[in-house]
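Here are my notes from going through the model; have it open alongside as you read.

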2 protein chains.
Amino acid sequence: MSEAVRRVRRTPADAKRLILETAQTLVARNGPQGLRLQDIAGEAGISHPLILHHFGSRAGLMRALTREAAAELKDRLVAAMTQPDYSIGAQLDQVFDAFRGGLAQRLAWLAVEDPDGAPANTALILREIADTLHARRVAAATPGGTVAREDTEWLIHLVAIAAFGEAMYGDQLRRSAGIAAGEESAHRFRTWFAGLIREHGGRR
Amino acid sequence: MSEAVRRVRRTPADAKRLILETAQTLVARNGPQGLRLQDIAGEAGISHPLILHHFGSRAGLMRALTREAAAELKDRLVAAMTQPDYSIGAQLDQVFDAFRGGLAQRLAWLAVEDPDGAPANTALILREIADTLHARRVAAATPGGTVAREDTEWLIHLVAIAAFGEAMYGDQLRRSAGIAAGEESAHRFRTWFAGLIREHGGRR
DNA sequence: TTATTTGCTGACATTAATGTCAATAACTAT
DNA sequence: ATAGTTATTGACATTAATGTCAGCAAATAA
């Protein structure tokens with residue numbers, strides 16, 4: 001009388017993919033609080049022990065999530081940087097784009113959940129970027145002028161904290177300032193910010 | 001034979017003070033995760049139901065905490081702004097100081113815990129600041145020049161997201177960039193940032 | 001002293017999360 | 001077919017948090 005219960009059986013790689021993608025979606029949607037194994041399982045149409053089977057523990061899943069988000073960010077930044085005419089002023093929109101689609105928010109939220117995981121995973125990304133950008137700035141400098149290494153580093157630091165701050169609190173702060181929220185407003189800010197940086201680059 | 005158990009009996013105001021201050025300390029030290037009623041109670045030397053007695057629920061405590069932190073931030077910013085020679089470039093250090101001592105971190109963390117509480121409590125703070133600053137910039141402008149209102153707003157927005165981003169991720173990002181962490185490094189960045197903004201103000 | 005109010009606590013209830021495990025079903029190889 | 005491997009699940013164990021409550025004790029007033 002008892003029906004045989006049908007099951008989907010995936011390859012481990014596929015199962016991990018499914019879980020990670022579902023989890024990323026949920027983090028982006030609900031913030032760091034919304035990362036309950038039950039919820040992920042429900043959304044993915046699986047049972048929650050399956051997550052533990054593939055990732056060992058909740059912490060293991062978190063590590064995998066941050067690792068994935070950090071890798072994605074790095075890929076996007078490197079892609080933006082390898083454009084022929086790259087400069088942080090001219091291509092700032094691409095840099096912010098690299099943080100878009102909830103990516104920075106995900107990373108930031110994951111950093112809140114697991115303060116030690118994010119640094120480990122993002123380590124040295126910024127250093128690589130600083131090296132590349134600085135070389136470009138030096139090459140682009142007028143023959144007589146010099147570009148201080150420190151200036152490049154702080155420039156990147158500013159863009160990084162601004163991008164994170166914008167991703168986390170941009171909308172809230174705009175609302176608090178009485179500025180209309182939304183994508184268009186955020187874009188206007190990016191444009192303004194790019195101008196500020198271009199100004200800075202231009203004068204030395 | 002049974003000893004009478006001695007108890008401390010406070011006024012409601014004193015009890016709330018004690019609880020709020022202990023909680024603020026713990027948030028600053030351990031992040032948003034470290035806000036368990038048991039922990040607060042243990043640290044304050046009271047029992048955890050006392051917190052519920054005075055604040056109704058954990059959510060009530062969180063609201064009180066964000067309200068307090070937001071009020072503190074506003075006070076510091078207003079104090080910085082009412083200095084006679086206030087301008088966001090010249091006094092940027094004071095603005096960042098207003099965010100220091102874990103205040104921005106507390107606010108940011110509380111915002112993560114209770115995304116709706118912070119906006120309600122910080123509403124219009126930035127608008128006030130924008131009004132004041134814009135008036136000053138207009139007054140300080142050279143007779144022929146004009147200062148766009150939007151420019152002032154974006155300037156404040158940048159400082160705000162940078163201050164939050166710095167408070168939340170500054171040290172992590174500096175480490176990730178291979179820059180030495182610590183107060184001195186953070187100060188050097190503030191100085192550089194102030195210069196950037198002063199440059200911008202000077203050219204229009 | 002006695003009565004009254006209420007700040008305060010210990011013990012318990014409730015809820016909600018992670019983590020464990022034996023059993024089951026879907027593939028693969030023989 | 002048959003056996004073996006393992007992805008998958010339901011039921012359960014465990015843990016850890018918030019919230020409830022009856023009663024105790026410290027002030028204040030009569």
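**Notes on the two chains and the DNA**

1. Let me start at the DNA. Sorted by class, the residues in the surface near DNA strand C are 12 nonpolar, four polar and eight charged. Bear in mind throughout that this is a predicted model. In total, 24 residues surround DNA strand C, and the closest are Leu37(A), Arg58(A), Arg10(B), Ala15(B) and Pro49(B). So both chains show up in that short list: two names carry an A and three carry a B.

2. Which elements supply at least two residues each of the surface near DNA strand C? From chain A they are helix 2 (37-44), helix 3 (48-55) and helix 4 (58-81), and from chain B helix 1 (12-30) and helix 3 (48-55). Helix 3 of chain B provides the largest share, three residues.

3. Now look at the other strand. DNA strand D has 24 residues around it, with Arg10(A), Ala15(A), Pro49(A), Leu37(B) and Arg58(B) coming nearest. At least two residues each come from helix 1 (12-30) and helix 3 of chain A, and from helix 2 (37-44), helix 3 and helix 4 (58-81) of chain B. Here helix 3 of chain A gives the most, with three residues. The class count for the surface near DNA strand D is 12 nonpolar, four polar and eight charged.

4. The chain letters trade places between the two strands, and the superposition is worth a look in that light. A turn of 180° with a shift of 0.1 Å along the axis lays chain B on chain A, at an RMSD of 0.1 Å. The two copies are thus related as by a two-fold rotation axis.

5. How many residues does each chain bring to the contact between them? Chain A puts in 43 residues and chain B 43 residues. On the side of chain B that touches chain A, two or more residues come from each of helix 6 (103-113), helix 7 (117-122), helix 8 (125-140), helix 9 (149-176) and helix 10 (183-202) of chain B. Helix 9 of chain B gives the most to that side, with 19 residues. By class, that side has 27 nonpolar, nine polar and seven charged residues. The copies meet through the same surface, because 100% of the interface residues of chain B are also interface residues in chain A.

6. For a close-up of the contact, try Ile161(A), which sits in helix 9 (residues 149-176) of chain A. Is Ile161(A) buried or exposed? Ile161(A) has 25 other C-beta atoms within 10 Å, so it is buried. Beyond its sequence neighbours up to four places away, Ile161(A) touches Ala162(B), Gly165(B), Glu166(B), Tyr169(B), Gly170(B) and Leu173(B).

7. The largest nonpolar core holds 101 residues, and the members that touch the most others are Phe164(A), Ala163(B) and Phe164(B). Pick Phe164(B): residues up to four places away in sequence aside, Phe164(B) touches Gly165(A), Met168(A) and Tyr169(A) across the contact, along with Ala104(B) and Ala108(B).

8. Ala104(B) and Ala108(B) are among the buried residues of helix 6 of chain B. That helix is mostly covered, with 11 of its 11 residues buried. In chain A, helix 6 (residues 103-113) is largely enclosed by the rest of the structure, because 11 of its 11 residues are buried. The buried set in chain A includes Gln105(A), Arg106(A) and Glu113(A) as well as Trp109(A).

9. Back towards the N terminus, Leu61(A) belongs to helix 4 of chain A. Leu61(A) counts as buried because it has 21 C-beta neighbours inside 10 Å. Neighbours within four places in sequence aside, its contacts are Ala23(A), Ile51(A) and Phe55(A). From Leu61(A) to Met168(A) is 107 residues in sequence and 22 Å in space, C-alpha to C-alpha.

10. Some overall figures for chain A. There are 10 helices and zero strands, and 35% of the 204 residues count as buried. Among contacts in chain A with a separation of 6 or more, 62% join residues 24 or more positions apart.

11. Last, confidence. Chain A has a mean pLDDT of 83, with 86% of its residues at 70 or more. Within chain A, helix 3 has the highest confidence, at 97, and helix 7 (residues 117-122) the lowest, at a mean of 63.

Notes:
Residues are numbered from 1 along each chain as its sequence is written. Chains are lettered from A and ligands numbered from 1 in the order in which they are written. This is a predicted model: local features need pLDDT of at least 70, side-chain atom pairs count only at pLDDT 80 or more; totals for chains, interfaces and linings use all residues. Copies are superposed by least squares on the C-alpha atoms of residues with pLDDT of at least 70 in both. Two residues are in contact if their C-beta atoms, placed from the backbone, lie within 7 Å. A residue is near a molecule or strand if its C-beta atom, placed from the backbone, lies within 6 Å of it. Helices (H or I, at least four residues) and strands (E, at least two) are DSSP runs, numbered from the N terminus. Ala, Val, Leu, Ile, Met, Phe, Trp, Tyr, Cys and Pro count as nonpolar, Asp, Glu, Lys and Arg as charged, and the others, Gly among them, as polar. A nonpolar core is a set of buried Ala, Val, Leu, Ile, Met, Phe, Trp, Tyr and Cys residues joined through C-beta atoms within 7 Å. A residue is buried if 20 or more other C-beta atoms lie within 10 Å of its own, exposed if 12 or fewer, and partly exposed in between; C-beta atoms are placed from the backbone. pLDDT is the predictor's confidence in each residue, from 0 to 100.
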